[in-house]
Amino acid sequence: MRSQARRAEGTAAGAATSSERESARSQEPRAIIHLDMDAFYASVEQRDDPALRGRPVIVGGGTLGGSHLPRDELGRAKPVLARALIGHARRGVVLAASYEVRPFGVRSAMPMARALVLAPGAIVVPPRHDVYAEVSARVFDILASVTPLVEPLSLDEAFLDVTESRQLFGAPAEIAARLRARIAGEVGLPASAGIAEVKLVAKIASDMAKPNGQVEVPPGGGAAFLAPLPVSRLWGVGPKSARALAQMGIETCGDAAGRDPDGLARRLGPSGRALWEQANAIDPRPVIPDRDAKSIGAEETFDEDLSSREALAPRIHGQALRVARRLRRAGLRTRTVQLKLKRADFTLVTRRATFDEPTDDGQVLYRQAAALLAREPERPTRLTGVSAQNLVAVEAPQLGLFAPPPTANQALNRALDAIADRFGAGTVTTADVARGDDRE
C-alpha cells in the first residue's frame, strides 16, 4: 500500500510539474523574428555574376525610343554604364539598389532617370523575376524548418513566431543567427533580422540591422528601444504627418509615447491613439501563416508596362503556380481565384471566378485566371496578381487497403513539390514561364 501511495504521489508530483511547465511556457513573452533579405534583387544579380560584386548595381528597366532595353545591350552578360542611358530612360523604375550605389541616394521605387543622374557610374541590369521567385521559395523553405508560423510579406521578407520553437532550437537570437547562416550557406545571399516581442519593433530592428546583421530587443524593452528614434519610423507616419507632428512638439517616438493618449485622440482622431500605442511598443497582432490566412496570393510589379495578353499570360501563369504550391504546403485548397490588374494609370481591376470543387492545382488556377484575363481589354498594365480565396482545409485521407490512388495531376504536383523542396522552386517549370522575361 505504501508503495502504491508513493507511486501515486510521484504521479501527482509529475503531473503538477508538467502543469507548472505548461503554465510557465504560457507566460513566456512572445518571440518574433522579422527576417529581410538585403537588397534582394541586386544581391541575386551580384551572386550570379562575379563581375557585379562590389560594384554599384541598379536592377530595373527603362526605354530607348519607346522600346524595351534589349538584353544584349543591357544585361548581365554586357552590363552598360548608366551614364550612356541618361536621357533615354523614359519610364523605368528602380526595383533594387545594391548597397554600393545607395550612398549616391539611389533607392527602390525611384524613377530610373533620376537614379541615373544621381549615380552616372552605376551598372544597370534588367530583372529576372523567375529567378527571384525561385530563390525566394528556397529561403522560405529554410524559414519553415524552425516554425510553421511564417507570415510572408513579400518575396524577400517575413515574420516568424518562434515562441514555441525555443524548446527545440534555443534562444530567438540563436534561431535568427542560424537561419541567416543557412541562407548565406545554402542560397548564397545575405539577410538581416530583428528579434522582439511584437511585429512593429522586430521590423524596425531588422531595418536597423542592415546590411547582413541582426538586432535583438529584449522582452519589455520595446518602448525604450523606440524612444530615441524619429517618429517617422512608425507605420503610417509619412513626411507630411511627421511635419504636422513636429509642429506639436512630437519629433521622436519617445515624445509620442509620453503624451496623453486621449489628448492625441482628440487632436488627431483614431490615428492619435494608434500613434501612442505604437510609440509604446503595443502591437498585439499575431503572426498569420498561410494556413490561417484568408487568402494566399502572389503579384508582380513590372519595371515597364506590359500591354498584350501574350506578355501578361506567362507572368500570371508563374503567379498561379506559386500560389498553388503555397496552398499545398499549407494543406489548403481554394474555391475562388482572383485576378488583379493594375493599369498604367493606377486603375485597379479585380475579377473573380469560383470553382465547382476546391483545388490546389496551379494549372487549374492559371486556366481560370487566363480566362478572366481574356475578357479584359488589352491596356498598358504595371502589375498583375493571382490570389486564392475562400480557402478550405484538405481532409486527411482515410487509411485502408483500397484507398483510391492519386489522380495524375495530384501525382504530378507531388513530384514537382518534391523536386522543388530538394532543388529549389523553378527547377522544373513550364516553357512559357521560363521564357516569360524575353517576351515583349
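User: Which residue of β9 does isoleucine 33 stand opposite?

Analyst: Happy to start there, and please keep in mind that this is a predicted model. Strand β1, residues 32-37, runs antiparallel to β9, and 5 bridges join the two. Isoleucine 33 falls within that range of β1, and the β9 residue standing opposite is leucine 160.

User: How many bridges pair strand β8 with β9?

Analyst: β8 covers residues 150-154 and is antiparallel to β9. Proline 152 stands opposite alanine 158 of β9, and serine 154 stands opposite glutamate 157. The two strands form a hairpin, with 2 residues between them. The number of bridges pairing β8 with β9 is 4.

User: In what order do the strands of the open sheet lie?

Analyst: The sheet is open, has 5 strands and shows mixed pairing. Its edge strands are β8 and β11 (214-216), each of which pairs on one side only. Neighbouring strands are turned against each other by 15° on average, ignoring direction. Read across, the order is β8-β9-β1-β10-β11.

User: Is strand β9 largely enclosed or open to the outside, and why?

Analyst: Let's look at both faces. Glu157, Phe159 and Asp161 on one side are buried, and so are Ala158 and Leu160 on the other. That makes 5 of the 5 residues of β9 (residues 157-161) buried, so by the rest of the structure the strand is largely enclosed.

User: Which residues are linked with Asp48 in a network of salt bridges?

Analyst: A good place to begin is one pair: the side chains of aspartate 48 and arginine 47 meet in a salt bridge at 2.8 Å, N to O. Aspartate 48 counts as partly exposed because its relative accessibility is 27%, and arginine 47 is partly exposed too, at 22%. The network links Asp48 with Glu45, Arg47 and Arg128.

User: How many residues apart are arginine 325 and aspartate 141, the pair that links distant parts of the chain?

Analyst: These two form a salt bridge, with their closest N and O atoms 3.6 Å apart. Arginine 325 sits in helix α13 (residues 309-330) and aspartate 141 in helix α4 (residues 129-143). Arginine 325 is buried, its relative accessible area being 11%, whereas aspartate 141 is partly exposed at 22%. Along the chain, the distance between the partners is 184 residues.

User: Is aspartate 283 buried or exposed?

Analyst: Aspartate 283 forms a salt bridge with arginine 285, their closest N and O atoms being 2.7 Å apart. Arginine 285 is partly exposed, with a relative accessible area of 35%. For aspartate 283 the relative accessible area is 8%, and a value under 20% means buried.

User: How many salt bridges does a search of the whole structure find?

Analyst: The pairs above, including arginine 325 with aspartate 141 and arginine 285 with aspartate 283, are examples. For the whole structure, the search gives a total of 19.

User: How many nonpolar residues does the contact of α13 with α14 have?

Analyst: First, the geometry: α13 and helix α14 (residues 362-374) pack at about 145°, with axes 8 Å apart, and their crossing is right-handed. The contact includes Leu312, Ile316 and Leu327 of α13 and Leu365, Tyr366 and Leu373 of α14. By class, the contact has 2 charged residues and 3 polar ones, while the nonpolar count is 13.

User: Which residues does a cis peptide bond join?

Analyst: Most peptide bonds are trans, so a cis one is worth a look. Here omega is about -5°. The second of the two partners lies in the loop between α7 (199-209) and β11. The cis bond joins lysine 210 and proline 211.

User: Where is asparagine 390 placed?

Analyst: Asparagine 390 has a positive phi of about 55° although it is not a glycine. Asparagine 212, in the loop between α7 and β11, also has a positive phi, near 55°. Asparagine 390 is partly exposed, with a relative accessible area of 47%. Its place is in residues 381-393, strand β15.

Notes:
Residues numbered from 1 in each chain as written. Predicted model: local features only at pLDDT ≥ 70, side-chain atom pairs only at ≥ 80, totals over all residues. Heavy atoms only, no water. Buried < 20%, exposed > 50% of the residue type's maximum accessible area, 1.4 Å probe, protein only. Pairing = 2+ DSSP bridges. Salt bridge = Lys/Arg side-chain N within 4 Å of Asp/Glu carboxyl O. Axes fitted to C-alpha atoms, helices over the stretch in contact; angles between N-to-C directions. Left-handed = near helix turned anticlockwise from the far one by under 90°. Contact = heavy atoms within 4.5 Å. Nonpolar A, V, L, I, M, F, W, Y, C, P; charged D, E, K, R; others polar.
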